[in-house]
Each structure stands twice: as C-alpha cells, then as structure tokens.
Amino acid sequence: MPLHVPPAPAPALRSVLTALSSPTAVREARTPSLLRAQGPATPELPLPVHVLDRVTAEGVPVTRLTGWRFLIRCGDRAVAAAETMLTPDGWAFSHFFEGPYVTSTERALRQAETVTQPSQPRLLSVPGLYMLTLWLHGDTTADAAAGHPAPADLLVPLAPRRPASRPTAPTGSPTCSRSSATGSRRPG
C-alpha cells in the first residue's frame, strides 16, 4: 500500500531549494556525490525528524520534532539528503549529507510500501541507542509534527546503526521498554 508522505512546511522546502541553487552551499557541503551530480537535483520524500527524549513511567514515549529531511534526487537515484531545522525565525536549511543513511532510507521506504497497513513515514532518532529509525506511524491523518510512537507502529532501524540491530528489520514501538530512551540494557 502506498505510504502517506506528509507535506513538509513550505518554508522548509524553500530553504532546501535555495541551498540547492547556491553553488556555495553545495560546494561547502563536502558531499562528493552531490558535487558530481549531473543534471538538476530535486528534494523529494520529506520526512519529519523526531527525537525520542524519554519514556515516561507509564511507558509512553516522549518525542519532539527537530527538523525535516529530504532525499536529494539526481536522475533516477538519491545522491544525498538535506536537513532543515526549526529556528526562532522559522524553518532554515541546516546541511547536506550522504552515506549509508541515504540508501538505507530508500530501501526501507521501498519495503514499507509492501506493508498492507497504511502508514505515515517519519524518522525517529533514539539517541540512547545511537539509532535512527524509519517510523511507520499508523495514523495517516495525524499532524506529522506531533505525536509519539503507538504500540502498533513499526520502527525500522536505518544504517548506520548499532551492531545489535539489523537494518530494515521492523521492530515494535519503544513503548515496551523504558530503556529505549536511556540506552540501558535489561539484565540478561
């Protein structure tokens, strides 16, 4: 089933388009694939980036929106990503980057399209586990800037990742354990 990709705030998209059209921003990005790209570079697949700050005593994950990431496509493939951040003046371009995150995100999104349950794709950073996940939120009409992982949501670890997790292997939401936010491990 197709994913319900939420629209990014217009100022966030504009900031990425402005950076892409700036030779200085692209040159200073130190992303060789973006520098070598032939043809126009276009931002696609905007994903809201949330950070898991903690899990409450009741097991509810507490998240906050930190930015929007766009895959930067040249021709038929993504060559980099761009991130925006919220500032006191509104959305602003933050940086370009490349690496395993780009291909891992593309792969995870392709796999997510085969899931029968409709979902809204988001990114969830779990600092305590040094992990970034593709968060498949079950409420496709939800405000992409708000919310927290529900028990039925899927979290797909993206590369690079901590060694104990497999990339693009879905797991349940972090409501099951308070250790998700802190990085602590259960005694085994």
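## Close-ups of a seven-stranded sheet and its helices

**View 1. The sheet and its strand order.** In this predicted model, 7 strands come together as an open sheet with mixed pairing, and their order is β4-β3-β2-β1-β5-β6-β7. The edge positions go to β4 and β7, each of which has a single partner strand, so one side of each has no neighbour in the sheet. Going from one strand to the next, the twist averages 35 degrees. Strands of a sheet pair through backbone hydrogen bonds, and they can do so parallel or antiparallel. Here β1 and β2 run antiparallel and are joined by 12 bridges. To pick out a bridged pair by eye, look for R54, whose bridge partner in β2 is V62.

**View 2. Two helices on the sheet.** Helix α1 packs on the sheet, where it touches β1, β2, β3 and β4, and its direction makes about 45 degrees with that of β4. Helix α4, residues 100–112, packs on the sheet too, touching β1, β2, β3, β4, β5, β6 and β7. The direction of α4 makes about 100 degrees with that of β2.

**View 3. The two faces of helix α1.** Which residues of α1 are buried? In this helix, which spans residues 10–20, they are A12, S15, V16, A19 and L20. Looking down the axis of α1, you'd find these buried residues within an arc of 135 degrees, so they line one face of the helix. On the face turned away from that buried side sit the exposed residues R14 and T18. What do the buried residues of α1 pack against? Their partners are the helices α2 (23–28) and α3 (32–36), along with the strands β1 (41–55), β2 (61–74), β3 (77–87) and β4 (90–97).

**View 4. T84, tucked into strand β3.** T84 is part of strand β3. Its relative accessibility is 0%, so T84 counts as buried. Setting aside neighbours within four places in sequence, T84 is in contact with A12, S15 and V16, which are among the buried residues of α1. The contacts of T84 also include T66, G67, W68 and F70, as well as W91, A92, F93 and S94.

**View 5. E106 in helix α4.** Is E106 buried or exposed? This residue of helix α4 has a relative accessible area of 15%, so E106 is buried. Apart from neighbours within four places in sequence, E106 is in contact with L71, R73, R77 and A78.

**View 6. G138, out in a loop.** Follow the chain past β6 (131–137) and you reach G138, in the loop that leads on to β7 (154–157). With 31% relative accessibility, G138 counts as partly exposed. G138 and A152 are 14 residues apart in sequence, and their C-alpha atoms are 7.1 Å apart in space. If residues up to four places away in sequence are left out, G138 touches Q117, P118 and D153.

**View 7. Stepping back to the protein chain.** How many helices and strands are there in the protein chain? There are 5 helices and 7 strands, and from the N terminus on they run α-α-α-β-β-β-β-α-β-β-β-α. Of the 188 residues in the protein chain, 46% are buried. Among contacts with a separation of 6 or more, 55% join residues 24 or more positions apart. The accessible surface comes to about 9600 Å², with 56% of it belonging to carbon and sulfur atoms.

Technical notes
Residues are numbered from 1 along each chain as its sequence is written. This is a predicted model: local features need pLDDT of at least 70, side-chain atom pairs count only at pLDDT 80 or more; totals for chains, interfaces and linings use all residues. Side-chain values use heavy atoms; hydrogens and water are left out. Buried means under 20% relative accessible area, exposed over 50%, partly exposed in between (1.4 Å probe, protein chains only). Helices (H or I, at least four residues) and strands (E, at least two) are DSSP runs, numbered from the N terminus. The arc is that of the directions from the helix axis to the C-beta atoms. Contact means heavy atoms within 4.5 Å. Accessible areas come from the Shrake-Rupley method with a 1.4 Å probe; for residues, only the protein chains shown count as cover. Two strands pair if DSSP finds at least two bridges between them. Axes are lines fitted to C-alpha atoms, for helices over the stretch in contact, and angles run from 0 to 180 degrees between N-to-C directions.
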